[in-house]
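Trainee: Please take a close look at one part for me: the place where the chains meet. Then follow what lies around it.

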Amino acid sequence: METESTLKKIFSSVLGISETAITGTTSPANTPSWDSMNAIVLITEIEKAFGVRFSYDEAMGVKTFADVIALVQSKRP
Amino acid sequence: MNPLDYLRSAARFADLEPASFARAVRVNLITNFTDDILKNIFVGVHLQHDVYPDIRRAPYKQYHLELKNPASALYTDKPDFTFVLFDANPFKESAFGLSPEHFDDVLADIEAYAARAGGTVVVSHFITSYQSSYQNLVRENPLFARIEGYNHAIDELAARVKNVKAFDTNRIVHVVGERHVFDLRGLYAFDIPFTHEFMAILAEEWFAYVRAATGGLKKCIVLDLDNTLWGGVVGELGATGIALGPDYPGNAFVGFQRALLDFHNRGMILAVNSKNNPEDVAEVFAKNPHMVLKEKHFADIRTNWNEKADNIREIANELNIGLDSMVFIDDDPVQRELMRLRVPEVTVPEFSVPPEDYAGFLYGLTILHQPTLTAEDREKGRMYAEERQRKTVLASTKDIASYIAELGITMKISPNDRALIPRLAQLTQKTNQCNATTRRYTEDDIARFMDEGATVVAGTVSDKFGDYGTVILVIVRPDMPKKGEATLDTFLMSCRVMGRGIECRFLDHIARKLAGSGVAKLHASFVPTAKNKPAETVFEDHGFAIATATAHPGAKVAAGEKQYVLDLAAYAKHPCPKVNEAITITK
């Protein structure tokens with residue numbers, strides 16, 4: 001839950017959408033501000049917030065907000 | 001602030017209306033890397049400061065083509081500011097790293113651009129990276145030497161061309177460290193060589209140029225005492241019991257006071273706003289040998305049990321400066337929050353660091369940046385302190401006219417003196433209160449006025465207590481539809497010389513000179529702002545008649561603008577009776 005709420009804060013800030021509007025199915029396809037540039041900002045800010053590091057393939061493999069939660073959780077002890 | 005905070009503001013940018021901001025500026029950004037994130041962070045910095053930015057960029061990797069293209073929107077949209085940053089790092093090849101000819105070519109284009117596009121052009125130094133295969137032999141590295149040469153050339157350009165400013169990027173790099181500046185994955189994967197944190201600091205420091213030109217400079221640091229200027233509570237520990245002296249943490253407070261004294265010497269006004277018994281504080285000044293700051297360094301000292309919000313308003317009144325030019329430093333979070341709530345105009349930094357970090361905190365405070373330092377700046381702190389002594393004389397003298405006579409004021413009149421241009425531009429940028437039209441001009445603008453035949457007259461004032469510096473300015477434009485007429489484009493006076501009849505003596509001198517040179521009618525206008533009430537009646541007071549129409553048919557008239565005209569032929573016979581001849585005019 002904590003992971004999810006931290007991620008929602010980051011997504012909300014970077015994408016300019018409200019935290020309540022973010023669900024597991026939020027994706028670049030249904031969120032215009034989730035463009036390639038903001039994808040880079042998101043990766044960097046998420047890595048910093050959780051002290052983790054994604055490989056290029058992992059980062060590029062993300063399709064939805066749910067994928068992001070799963071990816072972050074897979075990196076944490 | 002955190003880069004995420006700036007990005008959050010920037011994400012809402014598309015929904016914002018320029019009209020809902022205090023100011024709007026047109027900004028060009030010219031870089032040689034992917035600068036989308038830098039742009040967004042820079043947008044966020046502007047919005048946080050209530051400025052709406054209209055930012056244009058050269059398309060990716062096309063800076064050298066755009067600079068050579070006068071039809072580019074970078075030129076045609078007449079930027080107020082241009083910020084340039086090129087990166088040549090030791091990790092990835094770049095045109096600048098490889099070719100000094102490329103640099104020479106681009107710098108020449110920038111010079112041409114500055115002349116054509118106008119506005120302020122801030123050219124950032126290249127980062128001189130200390131990382132390379134030469135390792136410890138940094139200076140043997142040809143890339144390092146080349147980049148130092150580039151930065152030197154940027155400095156020379158800034159010295160030669162008035163509207164070009166050199167920005168010292170390496171100051172940031174020194175303070176935060178290269179490892180916190182470069183983002184190497186960003187560089188290789190996306191051609192974004194910098195961390196968000198570095199871009200946030202860079203954007204904040206760049207913004208200082210925008211703030212300076214829009215009248216947002218800070219003039220005064222207002223300080224708490226207990227646990228700010230010294231450790232502990234003087235009311236409990238006594239004048240010599242407080243932590244201030246050769247040992248930790250007392251030496252950290254000594255270091256902080258030394259930093260404040262340096263700011264004072266650079267021109268910052270210091271004032272005290274604290275909840276203490278005034279006797280206790282007086283005793284510290286009198287008896288504690290470790291006080292670096294003496295009473296004479298403070299322009300105002302308020303030690304009492306009143307609300308600090310009330311005190312700071314009184315300090316602003318006393319010193320004749322705006323609340324928004326003041327920075328309040330207090331270790332107590334409750335007092336900081338109260339100040340933010342009650343006097344939101346005052347800037348209250350989050351001063352929650354241990355004493356050893358006090359001085360560094362001040363050094364890092366971007367809001368205190370100034371684009372240039374004039375001779376006046378260096379003297380200003382002292383001049384405000386001298387003002388306290390003058391007030392003592394006033395208290396013992398009966399009427400204001402004899403007080404003025406007793407001060408022995410001398411005013412040196414300088415028409416079209418190019419050496420004064422930096423100071424005159426600064427006066428137009430900083431003067432808010434006694435300013436009839438509040439038109440902000442750059443050094444370039446002032447030079448242009450002189451070139452185009454306007455009369456730019458400055459007055460430099462001193463009295464028996466010291467020098468006030470160059471404090472009063474008029475710009476007289478001769479470009480009138482009717483011959484024999486002139487307009488006061490600008491009339492302003494620094495607030496530190498208000499109430500001495502100086503403006504009256506100065507206007508009188510200008511009026512006589514103009515009459516002598518064949519000008520029959522002098523037009524003037526007053527454009528009201530939130531701050532220039534003190535200048536509201538200056539023209540009436542000097543015998544100007546209210547005019548019904550502007551002197552320039554079709555000229556844009558601001559809301560509430562009042563028009564005046566002075567018949568100079570009549571004035572020569574019946575000059576303003578309030579002119580105090582005790583003020584001596586010199587050349």
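Mentor: I will start at the contact, move into the chain behind it, and end further away.

First, the ground rules. This is a predicted model, in which local features need pLDDT of at least 70 and side-chain atom pairs pLDDT 80 or more, while totals for chains, interfaces and linings use all residues. Residues are numbered from 1 along each chain as its sequence is written, with chains lettered from A and ligands numbered from 1 in written order.

Chain A puts 11 residues into the contact, and chain B puts in 10 (a contact means C-beta atoms, placed from the backbone, within 7 Å). On the chain B side, helix 1 (3-11), helix 2 (36-48) and helix 9 (184-190) each bring at least two residues (helices are DSSP H or I runs of at least four residues, strands E runs of at least two, numbered from the N terminus). Helix 1 of chain B contributes the most, namely four residues.

So look at that helix. Buried in helix 1 of chain B are B:Pro3, B:Tyr6, B:Leu7, B:Ser9, B:Ala10 and B:Ala11 (buried: 20 or more other C-beta atoms within 10 Å; exposed: 12 or fewer; partly exposed: in between). Both chains take part in covering them. The cover includes helix 1 (2-15) and helix 2 (36-50) of chain A. It also includes helix 2 and helix 10 (196-213) of chain B.

Now step into helix 2 of chain A, where A:Ile43 sits. A:Ile43 counts as buried because 22 C-beta neighbours fall inside 10 Å. Leaving aside residues up to four places away in sequence, A:Ile43 touches A:Phe54 and A:Ala59. A:Ile43 and A:Phe54 are 11 residues apart along the chain, and 7.8 Å lies between their C-alpha atoms.

A:Phe54 leads back to chain B. A core of 76 residues includes A:Phe54 together with B:Val27, B:Leu74 and B:Trp206 (a nonpolar core is a set of buried Ala, Val, Leu, Ile, Met, Phe, Trp, Tyr and Cys joined through C-beta atoms within 7 Å).

Next, the strands of chain B. Strand 1 (residues 23-31) and strand 2 (residues 51-57) run parallel and share seven bridges (pairing takes at least two DSSP bridges). B:Val25 faces B:Pro53 of strand 2. Helix 2 of chain B carries the chain from strand 1 to strand 2, in a right-handed β-α-β crossover (strands pointing away from the viewer, the path over the helix runs clockwise). Helix 2 of chain B is one of the helices that supply residues to the contact. Strand 1 of chain B also runs parallel to strand 3 (residues 81-85), with five bridges. There, B:Ile30 has B:Val84 as its bridge partner.

Further along chain B, strand 4 (residues 120-124) and strand 5 (residues 164-167) pair in parallel through four bridges. B:Ser124 stands across from B:Phe167 of strand 5. The link here is helix 7 (residues 142-160), and this β-α-β crossover is right-handed too.

Two loops of chain B deserve a check. Most residues other than glycine have a negative phi, and most peptide bonds are trans. B:Gln135, not a glycine, has a positive phi of about 45°. B:Gln135 lies between strand 4 and helix 7 of chain B, and counts as exposed because it has 10 C-beta neighbours inside 10 Å. B:Asp191 also departs from the rule, with a positive phi of about 60°. The loop holding B:Asp191 joins helix 9 and helix 10 of chain B. With 15 other C-beta atoms within 10 Å, B:Asp191 is partly exposed.

Now zoom out. Chain B has three parts: domain 1 (3-213), domain 2 (220-368) and domain 3 (398-586) (bounds from an automatic or database domain assignment). The C-alpha centres of domain 2 and domain 3 of chain B are 37 Å apart.

The largest nonpolar core has 96 residues, and B:Val222 and B:Leu522 have the most contacts inside it. Domain 2 and domain 3 of chain B each give this core at least three residues. Among the residues that B:Val222 touches are B:Ala271, B:Ile312, B:Met326 and B:Phe328.

Two last spots. B:Tyr248 and B:Pro249 are joined by a cis peptide bond, with omega about 0°. B:Pro249 lies in the loop between helix 11 (234-237) and helix 12 (250-265) of chain B. B:Val474 belongs to strand 12 (residues 466-477) of chain B. B:Val474 is buried, since 24 other C-beta atoms lie within 10 Å. B:Val474 touches residues including B:Val457, B:Leu488 and B:Ile510. From B:Val474 to B:Phe126 the C-alpha distance is 40 Å, with their places 348 residues apart in sequence.

Conventions: Contact = placed C-beta atoms within 7 Å.
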